[in-house]
Amino acid sequence: SPILVTSYVDLPPASDMEHAGEGSGLSKATLEHVLTAMSYVPTFFAIFFFVTWKDNDKYEDKHGTSGTIAGLLCLTYGISVGLASGGGAAAADMCKILILTRLSLGVFAVIAGMLIFATGENIVKFVLMYLFFAVLSIPEAGVLYAYVRQVQLERFLASEGNQAPPHGHAGHAGHSGHADMQQQMAAAGQYGMGGAAAYGPGAMYSSSHPVTPHFGGGYGGGDFGLGLPPAQQAT
């Protein structure tokens with residue numbers, strides 16, 4: 001009679017999804033702490049731009065408009081990063097927007113630094129601050145991207161866990177399935193070593209199609225009864 005072998009895979013419980021990816025990189029909780037610390041960086045830049053707005057006349061900005069706008073943008077970005085570090089359902093989507101926002105701010109900072117350098121005098125501190133802010137856009141965007149990837153990974157593992165059978169049931173089914181396979185192998189061994197050897201513990205199949213043992217091998221065949229039938233080898 002045909003033999004149907006089914007394998008079961010035990011998935012980790014849902015409580016372990018929070019620490020997924022710790023072995024290959026930073027976990028979600030760690031990245032949230034990094035985002036929290038990173039939210040203070042643009043705040044320092046905002047304080048600098050607010051404090052030095054009166055010195056903007058050195059590069060032909062008598063009203064301090066550029067410094068005020070730069071400070072508001074940095075402060076708004078820092079608050080947004082702080083909100084995203086709190087997690088939540090919309091944290092990953094917010095980080096996607098923040099990645100583009102941070103890269104755009106970096107480009108604007110480079111342009112502003114070049115304009116200040118070309119039009120002003122004794123403005124080294126402004127040029128350095130704008131350029132330094134632009135350089136930091138690369139690592140900050142990298143951290144945001146890593147957080148989005150980690151959130152997407154945990155969502156994928158959670159969806160896979162919901163589709164799989166419960167953990168305890170899956171383990172019980174796996175042991176019972178292995179016991180049934182051993183009984184079928186023992187029954188097949190009564191008819192010849194060819195079928196038992198061909199379907200030993202190393203040959204695990206998970207398919208909806210029944211697997212028919214091949215008992216026609218033996219020493220008369222070219223594979224000594226150890227290979228699969230032609231139909232199985234073809235597939």
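**Notebook: two helices and a nonpolar patch**

I began with α5 of this predicted model, where I found Phe-126, Val-127, Tyr-130, Phe-133 and Ala-134 to be buried. Looking down the axis of α5, I noted that these buried residues fall within an arc of 135°, so they line one face of the helix. On the face turned away from that buried side I listed Val-124, Leu-128 and Val-135, which are exposed. I then checked the length of α5: its 12 residues, 124-135, should span 16 Å at 1.5 Å a residue, and the end C-alpha atoms are indeed 16 Å apart, which agrees.

I turned next to α3, residues 65-84, whose 20 residues should span 28 Å at 1.5 Å a residue, and whose end C-alpha atoms lie 29 Å apart, which agrees. The buried residues that I recorded in α3 are Gly-67, Ala-70, Gly-71, Cys-74, Tyr-77, Gly-78, Val-81 and Ala-84. They cover an arc of only 155° around the axis, and this puts them on the same side of α3. Ile-79 and Leu-83 are exposed, on the face of α3 turned away from its buried side.

Which residues make the nonpolar surface patch of about 440 Å²? I found Ile-79 and Leu-83 again, together with Phe-50, Leu-72 and Leu-75. Helix α3 gives the largest share of this patch, with 4 residues.

I looked up Phe-50 separately and placed it in helix α2, residues 41-51. Is Phe-50 buried, partly exposed or exposed? I entered Phe-50 as partly exposed, because its relative accessibility is 31% and buried would require under 20%, exposed over 50%.

Methods
Residues are numbered from 1 along each chain as its sequence is written. This is a predicted model: local features need pLDDT of at least 70, side-chain atom pairs count only at pLDDT 80 or more; totals for chains, interfaces and linings use all residues. Side-chain values use heavy atoms; hydrogens and water are left out. Helices (H or I, at least four residues) and strands (E, at least two) are DSSP runs, numbered from the N terminus. The expected span of a helix is 1.5 Å times one less than its number of residues. Buried means under 20% relative accessible area, exposed over 50%, partly exposed in between (1.4 Å probe, protein chains only). The arc is that of the directions from the helix axis to the C-beta atoms. Patches are made of residues with over 30% relative accessible area and no salt bridge: like charges are joined within 9 Å, nonpolar side chains (Val, Leu, Ile, Met, Phe, Trp, Tyr) within 5 Å. Accessible areas come from the Shrake-Rupley method with a 1.4 Å probe; for residues, only the protein chains shown count as cover. A salt bridge is a side-chain nitrogen of Lys or Arg within 4 Å of a carboxyl oxygen of Asp or Glu.
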